[in-house]
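Me: I should be grateful for a close look at one part of the protein shown below. Please keep to what can be read from the structure and its record.

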Amino acid sequence: MNIFDIKGPEDIKSLDETELTLMAEDIRQFLILSIAKTGGHLSSNLGIVELTLALHYVFDSPQDKIFFDVGHQSYVHKILTGRVNEFASLRQYKGIAGFQKRVESTHDVWEAGHSSTSLSAALGMAVARDLNHEGYQVIPIIGDAALTSGMAMEALNQIGSEGRKMVIVFNDNNMSISQNVGAMDEAFTRLRTSKPYNTIKTDLKEVLSINKVGKSLLEGMRNIKNAVKENVVDTSIFGEFKLDYIGPVDGHDLHDLIRVFKQVKNHEGPIVVHVITKKGKGYPFAEEDRSGKWHGVSQFDPVTGKSLAMLPAGHLSWSEVISNTLVRLAAENEDIVAITPAMIGGSKLQNFFDAYPKRSFDCGIAEEHAMTFAASLALNGKRPFLSIYSSFLQRAYDQISHDVARMHLPVVIGIDRAGLVGEDGETHHGVFDIAMLRPLPNMVIAQPKDSNEAQLMLALAFHQDSPFAIRYPRGNVPFTPINLDACDIKIGTWTIWESEEPSKVIVISYGPDVDRIIAKAKVNNKHITIVNARFFKPIDEEMLVTLIQRKLPIIIYETDMLCGGLSDAILSYCNDNQITKQFIRIGLEDHFVEHGSLPQLRKAEHIDTNSLFEVISQYD
Ligand SMILES: Cc1ncc(C[n+]2csc(CCOP(=O)(O)OP(=O)(O)O)c2C)c(N)n1
Ligand SMILES: CC(=O)[C@@H](O)[C@H](O)COP(=O)(O)O
Ligand SMILES: [Mg+2]
């Protein structure tokens with residue numbers, strides 16, 4: 001059968017194991033060629049081909065609920081549920097999403113993008129099922145990194161005590177985006193490799209054949225347990241949570257996978273099926289990678305493995321500008337330490353980790369913990385830099401409020417991927433952090449307009465004593481290292497650019513848009529004043545009052561949520577100081593923004609510079 005003929009999971013149910021194996025190979029080749037054209041999450045999907053095939057072969061989606069933690073590895077599921085012909089549009093504007101989406105298919109029974117929600121979701125489904133006297137199966141698939149996160153642990157805790165029927169598929173590829181970290185990961189490694197489990201691996205086949213003559217799988221396991229030794233079936237951490245466990249199972253052996261899933265179908269209560277897979281399976285570049293380079297990719301040449309993304313000469317990513325500067329500052333200040341919650345690659349912190357291994361901490365997917373850990377380091381005399389993606393910062397809101405801001409601790413928070421991020425879409429746009437952080441007392445919140453300002457702001461952040469959030473977007477920026485001692489930025493000050501002719505309009509904006517607007521104003525000979533509102537908190541009240549006194553129209557141009565953003569700060573100030581002024585506000589309205597390229601999304605949301613200049617044209 002051709003993969004382009006798959007309309008739904010029923011189409012693969014008639015295949016025999018040989019045909020399924022051929023299908024797995026076709027899917028792999030398809031994934032490589034298709035993702036090479038569109039970009040996307042390659043290696044996790046290559047690793048989960050047989051596992052997804054086996055699940056859809058044995059269970060009956062959508063009645064049975066098969067869903068993936070994070071969702072970045074749901075491409076095979078999309079292929080098997082009738083979306084193969086839509087892959088040319090993967091992650092593109094109005095195309096299929098890179099994660100599960102309920103509007104796309106009835107087979108997408110849960111949506112995510114952030115890690116470690118699947119087990120809580122599974123319990124919700126199982127409880128609702130039981131309360132409704134229904135009989136479907138609940139099958140969350142969770143990776144070894146996602147499973148170490150606090151949220152997953154909280155869910156396991158309740159799943160164990162509730163004892164509801166579900167099959168938790170533990171997809172263990174011994175990798176997070178890059179290498180997995182932490183004590184729990186070490187426990188997984190023991191579980192994966194220890195002799196007893198190798199024994200079980202062999203015994204599993206016996207168990208399955210025992211079952212063929214009528215005994216249940218678990219009965220078989222219990223027999224082994226009794227026959228060998230109590231500790232042979234060491235259910236390890238899962239046993240502590242009162243979960244049954246079976247594994248490890250070879251995640252690329254369709255035969256074993258199918259037999260195990262057929263067995264656990266009839267199991268009462270929650271059971272973990274531990275499946276060992278290889279991230280990047282079948283594509284040597286991705287298989288060998290331990291750095292995370294092949295986790296999420298932009299377009300590449302499938303033959304050479306070379307990325308087709310071009311970094312313009314003299315540019316660096318914003319993340320690199322920050323991390324390079326951090327390395328320089330840390331050379332002068334031994335108290336600086338760096339923390340990442342599992343995003344060492346994306347945050348470009350490898351150079352810091354190499355330069356200062358003892359001052360570098362990867363906490364795993366644990367944003368809440370990372371923030372409180374940083375707070376305590378600061379309280380105890382260190383100068384922590386916590387790099388965190390804007391959308392993942394949402395996980396650490398209580399900690400930044402309760403621990404960092406309330407105790408007024410000098411944690412420097414690098415908010416990476418601030419603003420719209422593009423193809424990852426709704427779950428990943430970093431558009432809420434300004435609104436989240438502004439109400440918190442003691443916070444300084446800033447965004448540089450260019451890499452010079454970024455370097456100076458970071459230096460400033462370590463020379464003051466408040467919690468300091470510095471936000472910067474995904475993407476690249478021209479970069480030259482500058483003298484960090486020459487920092488003349490004062491907290492709460494904005495800067496101003498004036499056209500040569502007297503201005504007819506004032507635009508207040510921030511971030512890299514400031515220079516884009518200046519460039520466009522010059523080209524179009526617009527007579528405007530452009531303000532770089534580089535601090536959201538505190539705002540530059542003095543400059544604001546002066547601007548208002550000029551009696552010109554003022555446009556506040558934001559590229560994040562309007563609600564709670566810069567214009568809200570300005571309006572509140574005016575209201576509280578009896579200043580009457582009507583502003584024109586541009587920014588994101590009250591909805592979640594879909595996925596697509598940045599230019600497309602900015603245009604669709606009317607926050608591109610063309611939209612701004614259409615408004616400017618009404619006043620000049
Ligand atoms: C809350 C949160 N933090 C960080 C991430 C970024 N992230 C996406 S996938 C991933 C690694 C997931 O590893 P694992 O669960 O083992 O799945 P694998 O990719 O290995 O299949 C991380 C850290 C995220 N999606 N959500
Ligand atoms: C699924 C996930 O959360 C990450 O893989 C994310 O897609 C990374 O985004 P960047 O590509 O911006 O690092
Ligand atoms: Mg993994």
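Leaving aside its neighbours within four places in sequence, with which residues is alanine 145 in contact? Please also describe the surroundings of this residue.

Reply: Leaving aside neighbours within four places in sequence, the contacts of alanine 145 are Ser176, Asn180, Ala342, Gly364 and Ile365. This description rests on a predicted model. Alanine 145 sits in the loop that runs between strand E3 (138-143) and helix H7 (150-162). The residue counts as buried because 29 C-beta neighbours lie inside 10 Å, where 20 or more are required.

Aspartate 144 is also placed in the loop between E3 and H7. With 23 C-beta neighbours inside 10 Å, aspartate 144 is likewise classed as buried. Not counting residues up to four places away in sequence, aspartate 144 touches Asp172, Asn173, Asn174, Asn180, Asp185 and Phe188. Asn180 thus appears among the contacts of aspartate 144 and among those of alanine 145.

The contact with Asn173 leads to a second loop, between strand E4 (166-172) and helix H8 (183-193), where asparagine 173 is found. Asparagine 173 is buried, with 22 other C-beta atoms within 10 Å. Apart from neighbours within four places in sequence, asparagine 173 is in contact with Gly47, Gly143, Asp144, Thr277, Lys278 and Lys279.

The record adds annotations to this region. In UniProt, an unreviewed entry lists Asp144 and Asn173 under "binding site". These two residues span 30 residues in sequence, yet their C-alpha atoms are no more than 6.8 Å apart, so they gather at one spot. Under "binding site", the unreviewed UniProt entry also covers His72, Gly113, His114, Ser115, Ala145, Ala146, Asn173, Tyr283 and Glu367. The positions in that list are spread over 296 residues of sequence and also spread in space, up to 31.6 Å between C-alpha atoms. Asn173 is therefore named both with Asp144 and in the list that includes Ala145, as the record gives them.

Another member of that list is Tyr283. Tyrosine 283 has its place in the loop between strand E6 (270-276) and helix H13 (284-288). With 21 C-beta neighbours inside 10 Å, tyrosine 283 counts as buried. Its contacts, not counting residues up to four places away in sequence, are Ile32 and Leu46.

His72, also in the list, is one of the residues around ligand 2. The surroundings of ligand 2 consist of Val70, His72, Ile177, His295, Gly296, Gly346, Arg417, Val421, Asp424 and Arg474. By class, this shell holds three nonpolar, four polar and three charged residues. Ligand 2 lies between domain 1 (3-194 + 234-297) and domain 3 (315-486), because both give residues to the shell.

As for the protein in which these sites are set, there are 25 helices and 21 strands. The radius of gyration is 27 Å, close to the 25 Å that the globule rule gives for 620 residues, so the protein is as compact as a globular protein of that length. The C-alpha trace spans about 90 × 55 × 50 Å along its principal axes. Of the 620 residues, 51% count as buried, and alanine 145 is a buried residue too. Among contacts with a separation of 6 or more, 77% come from residues 24 or more positions apart.

Definitions and conventions
Residues are numbered from 1 along each chain as its sequence is written. Chains are lettered from A and ligands numbered from 1 in the order in which they are written. This is a predicted model: local features need pLDDT of at least 70, side-chain atom pairs count only at pLDDT 80 or more; totals for chains, interfaces and linings use all residues. Helices (H or I, at least four residues) and strands (E, at least two) are DSSP runs, numbered from the N terminus. The radius of gyration is taken over C-alpha atoms; the globule rule is 2.2 Å times the number of residues to the power 0.38. A residue is buried if 20 or more other C-beta atoms lie within 10 Å of its own, exposed if 12 or fewer, and partly exposed in between; C-beta atoms are placed from the backbone. Two residues are in contact if their C-beta atoms, placed from the backbone, lie within 7 Å. A residue is near a molecule or strand if its C-beta atom, placed from the backbone, lies within 6 Å of it. Ala, Val, Leu, Ile, Met, Phe, Trp, Tyr, Cys and Pro count as nonpolar, Asp, Glu, Lys and Arg as charged, and the others, Gly among them, as polar. Domain bounds come from an automatic or database domain assignment.
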